[in-house]
Amino acid sequence: MAQRTHSHQLILLAVALTLVIGLFLLPKVIVKPKEGKGELAQDAARTANRDNGAAAPSTASVESGKPAGATPEQPHMAIAPKQRQEISALTAKYTAEKDPIAKLRVASELADKYKAVEKFDSAGYFLEQLAQARPGEQTWKRAADAYFDAFTFATTQERQKALGAKCQELYGKVLKNNPENLDAKTNLGMAFMASENPVQGVVLLREVLVADPRNEKAIYNLGLLSMQSNQYEKAVERFRELTKVNPDNVNGQFYLGVALAQTGAKADAKAALEKAKSLSTDPGLTAAVDEQLQKLQ
């Protein structure tokens with residue numbers, strides 16, 4: 001899956017250690033380092049449980065005007081009345097449609113509508129219906145990617161496990177069609193972090209790097225995993241590697257700076273953070289960099 005836009009990449013988020021590493025997986029989050037030996041604090045007001053589980057979508061959230069889990073602190077999660085009406089109409093049409101081909105067309109429309117309002121598991125549900133009707137590497141991957149989007153926004157262990165299991169199932173089908181699909185293997189590896197076998201996730205990520213030593217996504221995720229486990233020297237190695245592969249990787253530069261700061265290399269940390277800041281005009285990144293730089297004073 002391609003990296004998101006910077007607006008999604010840079011949602012400021014800190015996560016309690018009891019939550020699985022899945023929250024740290026994609027560029028849309030910024031992982032705040034621990035203060036001493038204390039746990040990371042959870043900033044619930046800055047994130048959202050965007051979906052309602054790995055199952056058929058509920059119309060309740062559509063009728064209410066907000067995806068399940070939205071709160072007054074997340075006004076960006078509200079569904080506009082026009083979009084809500086469109087989804088409701090399409091849902092009714094999908095339920096009533098008897099012709100299999102026509103039903104699949106409606107399912108495709110619903111998937112697009114749900115993705116537009118960032119209800120990714122609902123989009124995944126309808127994309128899975130399409131994949132079941134027309135199984136293949138790309139159809140399974142579209143469904144798996146939608147569930148993976150939902151997985152990366154999950155804010156509880158329960159949802160992470162449920163959505164992670166769905167990702168494992170669908171990415172397994174992708175890899176059965178094409179064992180060389182490295183993007184699917186990378187996402188599968190991260191989904192395993194929410195399972196009873198997280199070591200398998202690390203194994204898969206390392207397999208990706210064996211096949212493609214310059215794979216930015218795999219290097220990035222392994223770097224974040226190192227940070228989450230307080231292996232800051234290892235994280236520095238990973239993010240240095242990432243920024244050598246792509247010096248313009250904003251997230252790589254940012255986390256290189258954060259990891260370096262944790263090792264006490266303040267001058268190098270400042271340089272990496274300033275580099276990250278120079279690569280983007282995103283206000284979220286600017287605020288995050290300024291916060292980190294202030295700590296280095």
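# Exercises on a predicted model

In this predicted model, the side chains of aspartate 145 and lysine 141 meet in a salt bridge, with 2.8 Å from N to O. A salt bridge here is a side-chain nitrogen of Lys or Arg within 4 Å of a carboxyl oxygen of Asp or Glu. Residues are numbered from 1 along each chain as its sequence is written, and side-chain values use heavy atoms, without hydrogens and water. Local features need pLDDT of at least 70 and side-chain atom pairs 80 or more, whereas totals for chains, interfaces and linings use all residues.

## Exercise 1. Salt bridges

Place the pair aspartate 145 and lysine 141 in the structure, and determine which residues join them in a network of salt bridges.

Solution.
- Step 1: The two residues are four residues apart in helix H6 (residues 137-153), and therefore about one helical turn separates them. Helices (H or I, at least four residues) and strands (E, at least two) are DSSP runs, numbered from the N terminus.
- Step 2: Aspartate 145 and lysine 141 are both buried. Buried means under 20% relative accessible area, exposed over 50%, and partly exposed in between (1.4 Å probe, protein chains only).
- Step 3: Asp183 and Lys217 are linked with Lys141 and Asp145 in a network of salt bridges.
- Step 4: The structure holds 13 salt bridges.

## Exercise 2. Two further salt bridges

State where the partners lie for the salt bridges of glutamate 169 with lysine 166 and of aspartate 290 with lysine 277.

Solution.
- Step 1: The closest N and O atoms of glutamate 169 and lysine 166 are 3.4 Å apart. Both residues belong to helix H7 (residues 157-177), at a spacing of three residues, about one turn of the helix.
- Step 2: Glutamate 169 is partly exposed at a relative accessible area of 38%, whereas lysine 166 is buried at 14%.
- Step 3: For aspartate 290 and lysine 277, the closest N and O atoms are 2.7 Å apart. Aspartate 290 lies in helix H14 (residues 283-295) and lysine 277 in helix H13 (residues 266-278), so this pair ties together parts that are 13 residues apart in sequence.
- Step 4: Aspartate 290 is partly exposed, with a relative accessible area of 34%; lysine 277 is partly exposed as well, with 26%.

## Exercise 3. Helix H11 and the core

Describe the span and packing of helix H11 (residues 232-245), and name the residues that touch the most other members of the largest nonpolar core.

Solution.
- Step 1: H11 has 14 residues and reaches 20 Å from its first C-alpha to its last, close to the 20 Å expected at 1.5 Å a residue. The expected span is 1.5 Å times one less than the number of residues.
- Step 2: The buried residues of H11 include Tyr232, Ala235, Phe239 and Leu242. The buried residues of this helix pack against helix H9 (198-211), helix H10 (216-228) and helix H12 (250-263).
- Step 3: Within the 74 residues of the largest nonpolar core, Leu110, Tyr171, Met227, Phe239 and Phe254 touch the most other members. H6 gives the most to this core, with nine residues. Such a core is a set of buried Ala, Val, Leu, Ile, Met, Phe, Trp, Tyr and Cys residues joined through side-chain atoms within 4.5 Å.
- Step 4: Leaving aside residues up to four places away in sequence, methionine 227 touches Tyr232, Ala235, Phe239, Tyr255, Val258 and Ala259. Contact means heavy atoms within 4.5 Å.

## Exercise 4. Positive phi values

Locate glutamate 118 and asparagine 230, and state the phi of each.

Solution.
- Step 1: Glutamate 118 occurs in the loop between helix H4 (100-116) and helix H5 (120-133). Its phi is near 60°, a positive value in a residue other than glycine.
- Step 2: Glutamate 118 is buried, with a relative accessible area of 16%.
- Step 3: Asparagine 230 occurs in the loop between H10 and H11. The phi of asparagine 230 is near 65°, again positive in a residue other than glycine.
- Step 4: Asparagine 230 counts as partly exposed at 36% relative accessibility.

## Exercise 5. Confidence

Identify the elements with the lowest and highest mean pLDDT.

Solution.
- Step 1: The protein averages a pLDDT of 79, and 74% of the residues score at least 70. pLDDT is the predictor's confidence in each residue, from 0 to 100.
- Step 2: Strand S1 (residues 11-12) has the lowest mean, 28, and H11 the highest, 97.
- Step 3: Over residues 1-55 the pLDDT is below 50, and over residues 58-76 it stays under 50. Where pLDDT is low, the predicted coordinates should not be read in detail.
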